[in-house]
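Q: I am new to this structure and would like a close look at a single part of it. Please go through how the helices pack there, and then place that part in its surroundings.

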Amino acid sequence: MSSDTETDARPTPEKIDRVVIRFAGDSGDGMQLAGTQFTASSAMFGNDLATLPNFPSEIRAPAGTIAGVSSFQVHIADWDILTPGDHPDCLIAMNPAALKANLHDLKPGALIIVNVDAFNERNLAKAGYESNPLEDDSLRAYHVLTAPMEELTKKALAGTGVKGRAVLRSKNFFALGLMSWMYSRPLKPVEDWIVKKFGEDSPVAAANLAALHAGYNYGITAEGFHHTFEVEPAALPKGEYTNISGNIATAWGLIAGARAANLPLFLGSYPITPATSILEELAKQKHFGVKTFQAEDEIAGVGSAVGAAFAGNLAATTTSGPGLALKSETISLAFMLELPLVVIDVQRAGPSTGMPTKVEQSDLLFAMYGRHGEAPLPIVSIASPADAFSATMEAVRIATKFMTPVILLSDGYIANSSEPWKLPNVEDLPTFPVTLTTEPNDGDEFLPYARDPETLARPWAVPGTPGLEHRVGGLEKQDRTGNVAYEPENHQLMTELRAAKIDAIRRDIPPIKVHGDADSKILVLGWGSTFSAIRAGVLNARRNGRSVAHAQIRHLNPLPPDLGDVLEGREVILIPELNNGQFARMIRAEYLIAPRSYAKIQGEPFKADEIEEQLNEICREINS
Amino acid sequence: MNIDIKQYTRADFQSDQEVRWCPGCGDYTILASVQTFLAELGIEREKHVFISGIGCSSRFPYYMNTYGMHSIHGRAAAIASGVAAANPDLTVWVITGDGDALSIGGNHLIHALRRNINLKILLFNNQIYGLTKGQYSPTSEQGKRTKTSPMGSIDYPFNPVSLALGAEATFVARTLDMDRKHTAEILAAAAEHRGTAFIEFYQNCNVFNDKAFIELTSRDTRDDNRVYLDHGKPILFGADNEFGIRIGPTGAEIVEVSKVGIDSIQVHNAKDPEPGVAFALSRLSHGPHGPTPLGIFRDVERPVYEDLMVGQIEEAQAQKGTGDLADLLRSTGTWTTN
C-alpha cells in the first residue's frame with residue numbers, strides 16, 4: 001500500500017537544521033512506538049539523530065495520571081549531533097497529564113500539539129489541573145495546535161473491521177501521521193513496518209494505516225498545520241548506517257565477539273530491567289548457534305554461564321544492579337577458576353529496586369570492589385549506543401586473552417536510546433581466535449595453573465579433551481598444579497599473581513584520545529554514557545571561546561597507562577557522573593589529585609547545557 | 001582414529017589426591033561404588049564431568065580422575081546445567097548433599113529437575129551439616145537436638161524423593177551408601193536414562209549423625225524395613241516377603257500378604273507417566289523410620305532440554321541459514337551517505 005498523500009502539494013517547508021521532538025502520552029498510548037517509528041523514518045531519510053525514551057516502571061500506571069506518563073524524545077539534525085537534546089522544540093501531548101509532566105522541559109516558544117479530545121474534565125482532574133490550560137491562557141508562551149485525534153481516528157477506522165475500544169489504540173499512528181506531515185517525513189518506512197508487523201491482510205494493519213494517513217491528511221487540510229518544517233539529511237561521514245540501540249548493539253557485539261574468538265556463544269541470564277532486551281535479541285539469533293538459557297534466577301544465570309565457560313563456550317550473563325549483587329559470589333568463583341566470562345551490567349538507579357527504568361552510573365564501585373576476598377576484575381564501559389558493539393567485543397577479547405571474568409558497564413540510557421551507527425566492514429573487525437589447550441604442558445603432565453609468561457593467563461582445557469582431565473574449584477590452589485593448597489606463602493603468591501594478571505591488561509589499552517584543546521588547563525574526564533552530553537557541552541563551550549579538553553575513559557580497570565600523563569598539569573579536572581562521585585573517588589585514590597566532581601543523581605542523563613554551565617563557572621573562577 | 005574401546009579399571013578414575021573424609025564416613029563407599037561403576041560403564045574418561053557444591057560430599061570431584069569442579073554452596077545444579085547445555089556430548093554428574101541441594105540450592109535443584117537437563121544428580125543425604133560440624137539440616141527430623149537446635153529442631157524436614165517427584169523429575173531413585181550392589185544397579189539405570197536422574201543416597205555421617213539409617217542397615221531390622229522397588233514386580237518385603245504394599249484410597253499402605261492376597265499387592269511400575277503412585281510410595285517413610293522404599297521410584301521419558309535447545313538452533317539454521325554477521329548488522333534497515 002502506498003500513500004497518495006505524498007504527491008499532494010505542500011507549502012514550502014521551513015528549512016531547519018535541527019529539531020527536538022517529544023512524543024508524550026499515557027503509558028498505554030503507544031508513544032514509544034510512535035517515537036521509534038518517527039526515528040526510523042528519519043534515519044532512513046538520512047538525518048543524524050539521538051533518542052531518549054522515558055517510561056514509568058509500572059506497565060500500566062493509573063491511566064491519565066502524571067505517574068503514568070510515558071515519553072519518547074528524538075533529536076534530528078542535518079549535522080553530526082551527540083545528544084537527544086536538552087529542551088524539546090515540539091511536544092505532542094496525548095492527554096493533560098502528558099502536557100503537565102513535560103511542559104517545564106520545553107524551550108520557550110515551543111510548539112505544542114495536543115490531542116484535544118483527551119482534555120475533558122475527568123482527565124484534567126486526574127492530571128491535577130484546576131482549569132483547562134487550553135482555555136485559560138496559561139500556555140500563551142507557547143505555540144499550541146490542537147487536533148481531535150480520537151474523533152478523527154474513530155472516523156478513519158470505520159470499515160477497517162476494528163471496532164469498540166480497540167479503535168483508539170490506533171491514535172498513536174494518527175499522531176505519527178500528523179508529525180510526519182509537520183516535519184516532512186516520508187510515510188513509506190512506517191507503512192512498510194506496519195504491514196510487516198501486523199500482516200498485509202490484518203484488520204490491525206488496515207486500522208493503523210488508516211489512522212496514519214488520517215493524521216497526515218489532517219495536517220494537509222487543517223488550518224494551523226500549514227507551517228511545516230524540513231530537516232535535510234545530515235552530512236555524516238560517507239558510509240552505510242543503521243539506527244542502533246545500545247542493548248541490540250551489545251547483543252550483536254557478543255555474537256561478533258564469539259565469532260572473533262572462534263567460540264560458540266552461551267548466554268545465561270534472568271530477565272531484569274533494563275537489561276532484558278539483550279537476552280531477547282540473542283534468543284532471536286539462534287541461527288548463529290547462540291545458546292540462550294533463561295535461568296531460574298540471577299545466580300543460576302551466571303552459574304550456568306560459568307559452567308558453559310568451563311565447557312569451552314564464550315559465556316556471558318546480563319543483568320542490572322540488583323542482579324549483579326546476587327551474582328557476586330559466583331563471579332568471585334569465576335575469578336578463582338580463571339575462566340573467561342562477560343558480565344554485562346546495564347546500570348539503573350538504585351539502591352535496591354530504586355528506579356528501574358531510570359539511568360544511573362552508580363554500580364562503578366560495586367563493579368570495582370563488589371566481591372569478597374582479593375578479587376580485582378577488568379571493567380570496560382560503553383560510551384553510547386553505537387559504541388556498544390566494539391566495547392562488547394573488547395570485553396570478550398580481554399576475557400579470553402587473560403582468562404578472566406570482565407564486567408562490562410552499560411546503563412539504561414545506552415540500553416534504550418538509539419543513534420546512527422556507521423556499519424563496520426565485517427572483514428575489518430578484530431579477530432582474536434582462542435586456542436584451547438589439547439596437549440600436556442609439563443612433560444606428560446597437564447598443569448591447569450601453569451601460566452603464560454606474558455599475560456599470566458592459565459591454559460583453557462575443556463572437558464572432552466583426552467589426557468587433560470583436571471579439577472578446578474573455589475578452594476585456594478597450588479601454583480601451577482591447581483591442587484588444593486593451604487600453604488601461607490602459596491596464598492600470598494596466588495593472590496599477587498591473580499592481581500598481576502589483571503594489571504597486565506593495562507599494556508593492552510590503547511592511548512587515550514584527548515579531544516578539544518588538548519593542552520587546556522581544564523579537562524573534562526568522563527566514562528560511559530555521559531559521553532554525548534560532555535562532548536556536546538564541551539563543543540558548545542569551545543564555540544563560545546572557552547578552552548577545554550575532554551577525555552572519555554573506556555577501560556576503568558585497569559586504567560589506561562597514559563591517564564596519569566593526561567591528568568598532569570591541569571588546573572581543573574571536572575568529572576561529571578550520574579552517581580555521587582564514584583569515578584572521582586577512584587581518580588583521587590589512584591593519582592593523589594583532587595578532581596572536581598559533578599554529580600547528578602536524578603535518574604536522567606546530563607544535558608549538554610549543564611556541562612557547559614559548569615565549564616562557564618569554572619572559567620569564571622579561574623579568571624577571577 | 002582409535003577403534004579400540006579403552007578398558008578401564010577403578011584406578012583410572014582415582015585422582016592423585018589423598019581422600020580426606022573422616023574415617024568411617026559413608027562417602028568412601030559411594031566414591032568406590034562410583035569409580036568402579038564408571039570403569040565398567042565404558043564412556044571415555046574425558047567425557048565425565050563432576051560438578052559439586054559445598055559440603056563434605058562436595059569434595060568428591062577432587063578424588064575423581066575426570067574433569068571436575070568444586071564450586072560454591074548450592075549452585076552445582078545451575079553450573080552443571082550450563083556445562084551440559086554447552087556440550088551435550090558430556091556426561092555430567094552433580095555431587096551434592098542435603099544442605100547443598102535442599103537448603104541453599106533448593107531452587108536450582110527443582111528447576112534442573114523440571115527442565116530435564118541431562119544431569120545425574122547424586123544427593124548424599126546424611127541429615128546433618130557435617131562440614132560445619134553438626135547443625136540440623138533440611139532433612140533432619142523434627143525434634144533433633146544439634147548445636148543450633150539445643151531444644152530440638154522445630155523445622156519440618158523435606159523428603160527428598162517426594163520433592164523430586166513433585167518437581168516431576170523423570171528419574172528418581174534412592175539407595176544406601178553401604179549397599180554397593182544396589183548402588184551399582186541404580187547408577188547403571190541412571191546412566192542409561194536420558195534427562196535428569198536424581199538419586200538420593202542415605203549416607204551415614206558417623207561423626208555428627210551416626211546410625212541415622214540404622215533401621216535400614218542393622219541385621220536385626222533391615223529385612224523388615226528395606227522395601228525394594230523392582231519394576232514389574234509386586235512390592236514385597238520382610239524376611240520371607242510376608243509383607244507387601246497396597247495402594248489404597250488414601251495412599252500407600254503396608255499389608256500382610258497372607259491376609260490380602262498377592263493380587264492386591266501393588267506391582268511396581270516405574271514407567272507410569274503419572275507420578276502419583278510413586279509419590280504415594282515416597283510417603284511410606286519419613287526419617288526414615290520403619291519400612292522404607294529403596295530403588296527406582298520413577299523412570300520415564302520426556303524430551304531432554306539440550307536436545308530441544310540444539311533442535312531449535314538446527315531449525316533456525318534450516319530456515320534462515322547459518323548466521324551471517326554482515327546480514328545481521330543490516331537486519332533493521334540501513335541508509336547510505338555519499
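The part in view is helix 6 of chain A, and the request and its answer follow.

Q: Which helices does helix 6 of chain A pack against, and which residues meet there?

A: This is a predicted model, so a word on confidence comes before the helices. The mean pLDDT of chain A is 94, and 98% of its residues score at least 70. Residues 1-7 of chain A are an exception, since pLDDT stays under 50 there. For that stretch the model has 14 contacts beyond four places in sequence. Where pLDDT is low, the predicted coordinates should not be read in detail.

Helix 6 of chain A covers residues 188-198. One of its partners is helix 1 of chain A, residues 31-45. The two pack at an angle of about 125°, and their axes are 8 Å apart. Because of that angle, helix 1 of chain A counts as oblique to helix 6 of chain A. Their crossing is right-handed. On the side of helix 1 of chain A, the residues that take part are A:Leu33, A:Gln37, A:Ser41 and A:Met44. Helix 6 of chain A meets them with A:Pro189, A:Val190 and A:Trp193. By class, this contact has five nonpolar residues, two polar ones and no charged ones.

Another partner is helix 7 of chain A, residues 203-221. Here the angle is about 165° and the axes lie 9 Å apart. An angle over 145 degrees counts as roughly antiparallel, which is why helix 6 of chain A is described that way relative to helix 7 of chain A. This crossing, too, is right-handed. Helix 6 of chain A brings A:Val190, A:Glu191, A:Ile194, A:Val195 and A:Phe198 to the contact. Helix 7 of chain A answers with A:Val204, A:Ala205, A:Asn208, A:Leu209, A:Leu212 and A:His213. These residues divide into eight nonpolar, two polar and one charged. A:Val190 appears in both contacts of helix 6 of chain A, meeting helix 1 of chain A and helix 7 of chain A.

Elsewhere in chain A, some details of the backbone can be noted. Most residues other than glycine have a negative phi, and most peptide bonds are trans. The bond that joins A:Gly350 and A:Pro351 is cis, with omega about 0°. A:Pro351 sits in the loop between strand 13 (341-347) and helix 12 (364-369) of chain A. A cis peptide bond also runs from A:Asn557 to A:Pro558, and its omega is near -10°. The loop that holds A:Pro558 lies between strand 21 (555-557) and helix 17 (563-567) of chain A. A:Leu456 has a positive phi, near 65°, and is found in the loop between strand 16 (418-422) and strand 17 (471-473) of chain A.

Chain A is also in contact with chain B, through 71 residues of chain A and 58 residues of chain B. About 5300 Å² is buried between the two chains, 63% of it on carbon and sulfur atoms. A:His287, A:Glu296 and A:Arg471 supply 14% of the area that chain A buries against chain B, more than any other three residues. For the complex, the predictor gives an ipTM of 0.97 and a pTM of 0.93.

Chain B has a mean pLDDT of 96, with 99% of its residues at 70 or more. A helix pair can be described there as well: helix 2 (residues 76-86) and helix 4 (residues 106-115) of chain B pack at about 40°, with axes 7 Å apart. B:Ala77, B:Ala78 and B:Ser81 in helix 2 of chain B meet B:His108, B:Leu109 and B:Ala112 in helix 4 of chain B. That contact has four nonpolar, two polar and no charged residues.

Notes. Residues numbered from 1 in each chain as written. Chains lettered and ligands numbered in written order. Predicted model: local features only at pLDDT ≥ 70, side-chain atom pairs only at ≥ 80, totals over all residues. Heavy atoms only, no water. pLDDT = per-residue confidence, 0-100. Contact = heavy atoms within 4.5 Å. Axes fitted to C-alpha atoms, helices over the stretch in contact; angles between N-to-C directions. Helix = DSSP H or I, 4+ residues; strand = E, 2+ residues; numbered from the N terminus. Parallel < 35°, antiparallel > 145°, perpendicular 65-115°, else oblique. Left-handed = near helix turned anticlockwise from the far one by under 90°. Nonpolar A, V, L, I, M, F, W, Y, C, P; charged D, E, K, R; others polar. Buried area = accessible area lost by both parts, 1.4 Å probe.
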